[in-house]
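Welcome! Take a moment to turn the structure around before reading on.

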Amino acid sequence: MDYVTVKSSNRKSRVVGALLASAALLLPSAKNALADAAPEQGIVSMKYLNYHDSQTGDSDLTAGMSKDRMTVNALSFMGMVPIAGKWSVAATFIEDSVTGASPAYHGWGFPEDTTSGASGDLRHAGDLNVTRYFSRGTLTLGTSYSQESDYKSLGCSLNGTLSTESRNTTFSFGTAFNSDTIDLNKEAVVHKQADPGHKTVFSSLLGVTQVMSQNDIMQMTVTLTHGYGHYSDPYKNYDLRPGHRNMVTFMTRWNHHFDGPNGTTRLSYRYYSDSFGIQSHTLDAEYVQPLPKGWEITPSLRYYSQSAADFYVPTGDNPRDYTPVTGLEHYSEDQRLSAFGAFSYGIKVSKELGRSWTTDVKYEHCEQRYNWGINGKGDPGIPTFNMSAIQVGLSRKF
Amino acid sequence: MKSRCVLAKGALFALLLMTGLSGCSSVQPWEKQNLAKTEMTFEGDRLDTGYTEHIYSSKEASSGGAGVGGGGCGCN
């Protein structure tokens with residue numbers, strides 16, 4: 001294309017521009033570049049997950065604390081249907097089954113019956129989203145639920161986007177409300193009470209997605225969340241958390257397409273801070289490489305680091321013993337509130353089966369260690385934590 | 001007080017960045033073939049994302065960032 005010639009005449013420029021725009025609209029992929037356009041195809045998909053985690057006592061302090069912990073098997077379904085070119089309805093449903101146990105404090109105190117506590121449970125969850133597409137924006141109304149034997153959550157949300165005339169910049173906004181109910185009268189609950197606990201959470205989001213070049217697109221979002229109610233873990237022996245939690249999350253994502261190999265890097269960074277005193281950094285990187293005959297391979301890496309909560313009570317000389325909490329207003333010996341770092345790696349392989357069907361397999365492994373973080377000193381009495389997940393999926397467009 | 005200060009700083013920082021970003025490119029519609037590829041969007045595989053976010057949010061203190069909405073869970 002000769003840009004000098006195009007610029008030399010306004011009339012010629014308009015004609016060439018119109019022809020190119022018309023040609024671009026004939027390409028399905030180019031038409032989909034308009035973020036506000038309604039989807040042309042529906043999709044149904046299902047995915048199976050097998051998850052397993054364990055801990056390893058691999059230091060002098062944690063020797064003998066190795067243990068298998070939890071296993072999760074889950075099956076989920078998703079369907080999305082476009083309606084009349086201006087609407088779409090999307091729904092997901094998931095059933096997961098949890099077996100095993102997590103420690104009652106720090107990395108120890110496992111119940112003898114490994115199906116007690118928060119585990120040995122069946123959870124059902126789903127959501128429904130209705131989207132209206134406008135010439136330069138979208139509006140999505142959503143509702144969600146999640147139910148297990150000791151926990152019920154109901155939520156609703158409103159999300160929207162608004163694009164500039166060039167569609168190179170898209171502003172997004174969202175707000176969500178969740179109301180959760182916790183059964184505090186189950187056998188394994190540490191401090192039983194007849195009345196259920198409640199937790200209410202409000203979230204709001206602002207974001208911008210910016211086309212940076214023909215091969216680069218960037219997105220930044222900030223999310224503010226305010227919650228109040230029952231934040232303590234009813235199955236932990238020494239856990240009394242503040243009754244409210246404010247959270248700020250800043251996330252930036254950058255996708256870059258490489259013309260040569262026709263591959264795409266997807267990078268993201270997330271900063272998180274909350275009123276528990278926890279700060280964290282999350283770096284994600286993956287590379288999507290399409291291959292001949294409909295194959296696609298996606299390796300990924302992740303690094304995560306968090307600081308400890310202000311009220312986290314570390315292990316003492318013997319990590320198998322709990323640490324006394326007498327006199328403290330708030331306290332927790334939950335290792336998830338300690339300082340640590342984690343590395344993950346994964347790989348996903350997908351294959352198109354004809355024009356409509358796609359199948360995929362993904363494996364991901366993560367390891368958490370007390371001394372891998374960059375947000376302060378970790379707790380050496382916490383064993384190394386490992387988790388692995390395998391996903392197998394199948395989807396069909398129609 | 002501390003949490004309000006953190007909230008205000010975070011929001012201000014992000015809004016300044018957002019304002020600076022808008023209008024810094026002029027890619028034409030017919031130049032967006034690569035941007036329209038599925039892997040160049042931020043949505044991704046919804047069920048895969050759902051599983052992965054759920055796993056990490058149940059084993060780490062942090063969660064969220066990519067969007068709002070969705071059910072809570074007793075695991076975190």
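This report walks through the two chains, where they touch, and a few of their helices and strands.

Please keep in mind that this is a predicted model. Chain A has three helices and 18 strands. Of its 398 residues, 38% count as buried. Among the contacts in chain A with a separation of 6 or more, 57% come from residues 24 or more positions apart.

**Where the chains touch**

The meeting of the two chains involves 51 residues of chain B, which are in contact with 86 residues of chain A. On the chain B side, helix 1 (2–21) and helix 2 (46–59) each supply at least two of the touching residues. Helix 1 of chain B gives the largest share, eleven residues. By type, the chain B side divides into 24 nonpolar, 18 polar and nine charged residues.

**The nonpolar cores**

In general, nonpolar side chains tend to be buried together in soluble globular proteins. Here the largest nonpolar core has 38 residues, and those touching the most other members are Leu49(A), Tyr51(A), Val72(A), Ala309(A), Met387(A) and Ile55(B). Helix 2 of chain B and strands 1, 2, 3, 16 and 18 of chain A each supply at least two residues of this core. Beyond its neighbours within four places in sequence, Ile55(B) is in contact with Tyr51(A), Met387(A) and Ala389(A). A second, separate core of seven residues includes Val208(A), Ile217(A), Met218(A) and Leu35(B).

**Helix 2 of chain B**

How many residues of helix 2 of chain B are buried? Ten of the 14 are, so this helix is mostly covered. Among the buried ones are Leu47(B), Tyr51(B), Ile55(B) and Tyr56(B), along with Asp48(B) and Lys59(B). Their cover includes strands 1, 2, 3, 17 and 18 of chain A. The length of helix 2 of chain B fits expectation too: at 1.5 Å a residue it should span 20 Å, and its end C-alpha atoms are 20 Å apart.

**Strand 9 of chain A**

Strand 9 (residues 216–229) of chain A is largely enclosed by the rest of the structure, because ten of its 14 residues are buried. A hairpin of two residues joins strand 8 of chain A to strand 9 of chain A. The table lists two pairings of strand 9 of chain A.

| Partner strand in chain A | Sense | Bridges | One bridge pair |
|---|---|---|---|
| Strand 8 (residues 197–213) | antiparallel | 14 bridges | Ser213(A) and Asp216(A) |
| Strand 11 (residues 244–258) | antiparallel | 13 bridges | His226(A) and Asn246(A) |

Methods: Residues are numbered from 1 along each chain as its sequence is written. Chains are lettered from A and ligands numbered from 1 in the order in which they are written. This is a predicted model: local features need pLDDT of at least 70, side-chain atom pairs count only at pLDDT 80 or more; totals for chains, interfaces and linings use all residues. Two residues are in contact if their C-beta atoms, placed from the backbone, lie within 7 Å. Helices (H or I, at least four residues) and strands (E, at least two) are DSSP runs, numbered from the N terminus. Ala, Val, Leu, Ile, Met, Phe, Trp, Tyr, Cys and Pro count as nonpolar, Asp, Glu, Lys and Arg as charged, and the others, Gly among them, as polar. A residue is buried if 20 or more other C-beta atoms lie within 10 Å of its own, exposed if 12 or fewer, and partly exposed in between; C-beta atoms are placed from the backbone. A nonpolar core is a set of buried Ala, Val, Leu, Ile, Met, Phe, Trp, Tyr and Cys residues joined through C-beta atoms within 7 Å. The expected span of a helix is 1.5 Å times one less than its number of residues. Two strands pair if DSSP finds at least two bridges between them.
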